[in-house]
Amino acid sequence: MRAVDGVSLKLEEGEVLGVVGESGSGKSVTMLALMGLIPFPGRVKADKLIFNGRDLLTISERERRKLTGKDVAMIFQEPMTSLNPSFTIGFQLTETLRLHEGMDRKAARRRAIELLEQVGIPSPESRLSAFPHQMSGGMNQRVMIAMAIACNPKLLIADEPTTALDVTIQAQILDLLMTLQKERDMGLVMITHNMGVVADTAKRVMVMYAGQIMEERSAADLFASPQHPYTAALLAALPERSEGGRLATIPGVVPGLYDRPKGCLFSPRCAYATEHSRHVRPELRPWAGGHIRCHYPLGDPNRTAAIQHDHPIRTETAS
Amino acid sequence: MTTETMEAPAVAAPTATPPHPLREFWGYFSANHGAVAGLVIIVAVVLVALLAPVIAPHDPNITNTALALKPPFWQEGGSIAYPLGTDPIGRDILSRLIHGARLSLLIGIAVVAISIVIGTVLGLVAGFFRGLTEIFIMRLMDIVLTLPSLLLAIVIVAVLGPGLMNAMLAVALVILPHYVRLARAAVITETSKDYVMAARVSGAGTTRLMFKEVLPNCTAPLIVQASLGISTAILDAAALGFLGLGAQPPSPEWGTMLADAREFVLRAWWVVTFPGLAILITVLAFNLLGDGLRDALDPKLKR
Amino acid sequence: MAAPPFSVLAMLRFILTRVSLIIPTFIGITLLAFFLIRLVPGDPIETLAGERGIDPARHEQLRKEYGFDKPIIVQYGIYLARVLQGDLGKSMITQEPVLNEFRALFPATVELALCAILFALIIGLPAGIIAALRRNSIFDHGVMGISLTGYSMPIFWWGLILILIFSVQFDLTPVSGRIDVLYYIEPTTGFLLIDTLLSEEEGAFWSAVQHLILPTIVLGTVPLAVIARMTRSAMLEVLGEDYIRTAKAKGLSRLRIVALHALRNALIPVVTVIGLQIGVLFTGAILTETIFSWPGVGKWLIDAIFRRDYPVLQGGALLLGVVVMGVNLLVDLAYGLINPRIRHTR
């Protein structure tokens with residue numbers, strides 16, 4: 001089974017890419033593949049996987065490990081379970097430094113304190129000997145960030161970094177991530193199902209659905225005039241965009257691994273689905289300064305005619 | 001924040017009705033080859049035990065010194081009339097093993113039955129009345145659990161006097177805490193659920209509640225524990241028999257047979273080998289069955 | 001939470017709580033031992049005095065001494081006071097204090113039990129870890145099959161079979177005892193492996209090792225099976241945790257992830273299981289010592305039963321119970337040390 005299919009993405013140095021989609025749309029799996037963290041028995045079959053001029057698919061396991069955690073780092077959704085409960089914060093933080101930077105115990109300790117300061121943890125020295133369960137979720141996520149940026153990575157992947165946190169803490173963590181990104185000019189991939197987070201952070205946005213890219217373009221364009229019906233539906237579900245008292249919702253759920261439709265993956269939930277889109281899966285094609293995977297992009301002047309021509313399915317119920 | 005509320009479409013109703021629970025259980029159970037093997041062995045042992053007088057070639061207690069220590073039939077000096085050889089006083093080992101199956105099964109089932117009945121009642125009482133009653137019962141069970149099980153059984157038998165009945169009582173007491181704990185835990189989780197509340201409100205008495213509403217809901221773990229308990233009971237009773245504290249000679253109990261055979265270990269390997277093999281296979285079968293039952297009955301443990 | 005991450009006070013409180021928890025168990029065990037003698041049919045004094053009988057004057061004196069004329073609760077008090085002073089009565093056969101006999105024999109049992117648990121750990125831990133890492137491989141199925149068999153093993157038979165194979169068939173190992181009769185080793189520590197080394201007698205150490213091999217395997221079989229199974233399932237669970245993914249994302253080597261990040265957490269339930277196995281070990285020691293004529297407390301207890309030496313049975317059972325209780329407490333404390341979450345939540 002293909003959990004993720006036909007995804008191609010490119011990230012320049014210092015760029016912030018937002019990857020959005022509902023739960024189960026393959027955002028995390030894509031990034032885990034990039035990190036080489038796909039759990040057994042999953043496999044990555046990519047044509048190209050190039051980081052900083054090196055093809056990650058051809059280098060050895062050992063070479064690759066030298067990159068992961070150093071040049072490419074990742075932070076995860078659940079800070080409370082992502083840190084090892086049996087080791088102190090200090091140990092887990094200095095471990096990376098000693099491995100990748102070859103620091104001795106003292107140097108690593110000094111650097112760890114600096115890092116904890118940078119991510120805004122008060123009295124960092126005493127925190128070094130604390131265990132993860134003694135700190136709050138927000139604090140643990142700061143530690144995770146400190147661990148990720150410890151070796152000055154060129155690319156940081158943040159997988160739903162704020163989802164598990166309190167609302168008030170979410171904004172702080174996002175601010176921290178953005179500040180660090182600007183200071184260090186590192187590439188940042190922000191995976192989230194939260195359109196609001198993307199709007200605040202990303203320059204470029206990639207919308208994923210059921211393991212495929214649906215739309216990909218600059219954030220400003222995407223928010224101003226979404227081209228894919230799915231993007232439009234996601235945006236309409238934003239509270240600040242809602243008209244009247246009720247939030248717009250998208251009927252249905254993301255198809256699972258085994259019940260993917262034959263045609264366009266979004267067609268069962270799409271308001272504009274036709275006989276054609278039910279049977280023929282659209283290709284990802286260049287469109288309006290980005291890419292789109294749709295037969296009838298919203299900005300296409302001929303789309304009404306095209307839809308009519310292809311026997312629309314929901315005309316009666318859509319209105 | 002965005003909302004991600006997705007209304008489930010009406011068309012996506014479940015396609016098939018869920019299978020009958022028993023059928024579903026069998027599906028999980030039969031996928032576990034070890035468990036099926038265990039079940040087959042147990043059925044075979046039960047059949048052997050039931051038909052013992054018919055299939056045993058000889059009377060298990062007839063002695064014949066002329067035939068003492070005959071080896072199994074495939075060894076020189078053995079004969080097909082005594083397929084697994086004879087013991088030091090000329091009794092047929094196969095016949096004794098076949099009759100011993102009756103004893104071992106009887107021990108396993110009787111011990112677990114006693115334990116389950118007493119244990120469940122104690123557990124239900126502890127779980128329902130809480131307070132001092134609970135503390136008293138559970139503390140007592142903790143103490144029983146702390147002591148090494150065979151040591152406790154030995155001490156009990158030493159006091160009551162050696163014999164099969166006393167050995168069975170001792171083993172029943174030793175495995176009691178498992179059932180008490182299970183029943184109590186089940187009562188405590190079940191009583192916090194709505195249906196028990198509903199039954200209480202509608203005026204059901206405590207006794208009725210205990211046996212009619214709560215007990216049926218903790219049968220699954222009890223069945224699993226019972227299967228594992230039978231294997232413990234057979235093993236411990238055989239150990240007591242081996243030490244001379246369980247069934248007494250000339251009873252063909254497997255552990256007792258081993259105790260008799262011990263001094264001949266240097267001369268006749270077969271008198272030692274077969275009774276122990278019988279114990280091992282039977283105990284292993286009940287353990288396989290118990291593991292399989294647990295996996296099939298407890299979806300929480302499935303991965 | 002600004003709580004100090006590692007406070008001596010929290011540690012002390014943790015230890016005290018755990019220690020206080022065993023007091024009811026201790027009282028329970030003494031109650032059991034106390035009533036044991038009274039459950040034996042017949043007059044308790046005559047039971048304690050043995051089969052040779054006792055003259056009426058001495059009988060009356062003992063009645064007073066043990067307080068049999070007083071209410072049962074007072075009798076228990078007297079018994080408890082004696083126990084706490086280390087007076088567990090005298091053996092009817094040897095007239096030696098029970099505590100002294102126990103002390104003389106206990107090292108033999110401990111030596112055997114320690115070797116058995118070491119044997120179980122050395123084989124069981126790696127087997128469980130590798131089985132988990134190669135889940136559903138032939139190795140995994142093999143380990144699981146063998147360990148379930150080991151778990152179902154009647155060890156008294158297992159001992160006889162090993163004697164059949166190694167002693168009778170191949171003449172590799174001795175059949176009984178702790179050391180060859182050629183040697184006389186003055187007990188310094190009571191542990192023969194150490195004492196033989198200290199004695200500088202030629203070949204004594206090797207003889208002791210040879211005598212230990214079969215009993216160690218027999219006694220270690222069940223713990224080995226349990227440890228292998230437990231390690232495998234704990235390891236499987238831990239390997240699926242988020243922090244293992246984090247460790248991989250740090251670029252750590254597979255060895256470091258498994259041996260440090262995963263194992264440290266997987267060991268927590270395994271240590272508990274090892275603790276519970278201590279009780280099983282003493283049970284097994286009774287059988288193992290009987291098979292191999294190993295002069296330890298297990299064989300001593302069984303012999304006492306057949307000699308109707310009730311004071312030894314009463315005192316020995318009590319002491320064994322207390323030892324198991326003490327070991328369980330130590331395991332509990334060790335558990336707190338390797339699992340910081342336990343240490344801080346109590």
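The following exchange concerns chains B and C of a predicted model.

Author: In this predicted model, local features need pLDDT of at least 70 and side-chain atom pairs count only at pLDDT 80 or more, whereas totals for chains, interfaces and linings use all residues. Residues are numbered from 1 along each chain as its sequence is written, chains are lettered from A in the order in which they are written, and side-chain values use heavy atoms, with hydrogens and water left out.

Reader: Why is Thr256(B) called buried?

Author: Buried means under 20% relative accessible area, with a 1.4 Å probe and protein chains only. Thr256(B) has 2% relative accessibility and therefore counts as buried. Thr256(B) lies in helix α11, residues 254-261 of chain B; a helix is a DSSP run of H or I with at least four residues. Its contacts (heavy atoms within 4.5 Å), not counting residues up to four places away in sequence, include Gly241(B), Phe242(B) and Pro249(B).

Reader: What makes Asp291(B) and Arg229(C) a salt bridge?

Author: The term requires a side-chain nitrogen of Lys or Arg within 4 Å of a carboxyl oxygen of Asp or Glu. For Asp291(B) and Arg229(C) the N to O distance is 2.9 Å, so the definition is met. The rule finds one salt bridge across the interface of chain B and chain C.

Reader: How is the area buried between chain B and chain C known?

Author: Buried area is the accessible area (1.4 Å probe) that two parts lose on being put together, summed over both. For chain B and chain C this is about 3,600 Å², of which carbon and sulfur atoms give 79%. The contact takes 38 residues from chain B and 44 residues from chain C.

Key
Helices (H or I, at least four residues) and strands (E, at least two) are DSSP runs, numbered from the N terminus. Buried means under 20% relative accessible area, exposed over 50%, partly exposed in between (1.4 Å probe, protein chains only).
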